[in-house]
Amino acid sequence: MAKLPPFPGTTGRRDWRTAFAAIRKLLANGDDTTQVFLIMRALNVGNAPFNYGRFIATAEGGRMAYERVELARLFADRAYVAAFAPGTVGAAYRAFLDTTGYSADGLVEVSRVISEDDMLHPYAWFGRRVRDTHDIWHVLTGYKADESLGEASLVAFSYAQLGGLGWAFIGAAAALKSLRVTGNSLFARAVWEGYRRGKAARWLPAEDYQRLLHEPLEAARERLGLVSPVAYLKAQRLLGPAMASYLSQSSDAAAPAEAPLAA
């Protein structure tokens, strides 16, 4: 695969000062989703051209890149989301939105901290695509979005799928802190399982989500190689709601429009 040029205006250097400042705030308040995007911007150097190149090299990636559908606009249309048949991925996504109160628009607003997000550039479009499918990844993987355990596990899954040091930095920090807070390794093991599941699964960024949403949920999971998250379900059961969401327990701030540790 030919090497693509870097994102315009980037220096090619990681900003560790910003990353450490942001991770301290995120670990103090897991609902502060803005810090996630700051970490991604600081550490995911070179990630955009690599993943975009991989995307357009797939069988359908070139077509989807040419069409440049903005998925957030589709997912924010309640009529579009309401049309999916029972038992499909789309129906599960609809139930996710209804039970969590989250929205595609909410994550878009939080991500605006990254100025490149709105650029008219293929890399920026691909980044928006990854952002806008985050909650669908929750549905597909079975990781809850309104708990720290589910978010940290999906962050590790995302690192395996996308690379980018920012994902690894967040997942590792959450897992390490959990050892002290919970007094056991259940949370950390679930995060590690998330990484292994991401490595074993098909590459989700290359999926045609407008088609995927119409697939039966369990059939889609089987096709994508998404096996049951055994360690995650065990940790969720044994830790209980409080410890499974320990990152959200230390702040009285109101939660933003998206989930803790959402990325």
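1. A network of salt bridges links five residues in this predicted model. Its members are Glu60, Arg63, Glu67, Asp208 and Arg211.

2. One contact that involves members of this network is the salt bridge between Arg211 and Asp208, whose closest N and O atoms are 3.4 Å apart. Asp208 has a relative accessibility of 13%. Because the limit for a buried residue is under 20%, Asp208 counts as buried.

3. The pair Arg131 and Asp132 also forms a salt bridge, with 2.7 Å between the closest N and O atoms. Are these two residues buried or exposed? Arg131 is buried, its relative accessible area being 5%. Asp132 is likewise buried, with a value of 8%.

4. A further salt bridge joins the side chains of Glu218 and Arg221, at 2.8 Å from N to O. Both residues belong to helix H15, which spans residues 217–224. Glu218 and Arg221 are three residues apart there, about one turn of the helix.

5. The two partners in helix H15 fall into separate accessibility classes. Glu218, at 52% relative accessibility, counts as exposed, since the exposed class begins over 50%. Arg221, at 19%, counts as buried, since buried means under 20%.

6. How many salt bridges are there in total? The count comes to eleven. Among them are the pairs described above: Arg131 with Asp132, Arg211 with Asp208, and Glu218 with Arg221.

Conventions
Residues are numbered from 1 along each chain as its sequence is written. This is a predicted model: local features need pLDDT of at least 70, side-chain atom pairs count only at pLDDT 80 or more; totals for chains, interfaces and linings use all residues. Side-chain values use heavy atoms; hydrogens and water are left out. A salt bridge is a side-chain nitrogen of Lys or Arg within 4 Å of a carboxyl oxygen of Asp or Glu. Buried means under 20% relative accessible area, exposed over 50%, partly exposed in between (1.4 Å probe, protein chains only). Helices (H or I, at least four residues) and strands (E, at least two) are DSSP runs, numbered from the N terminus.
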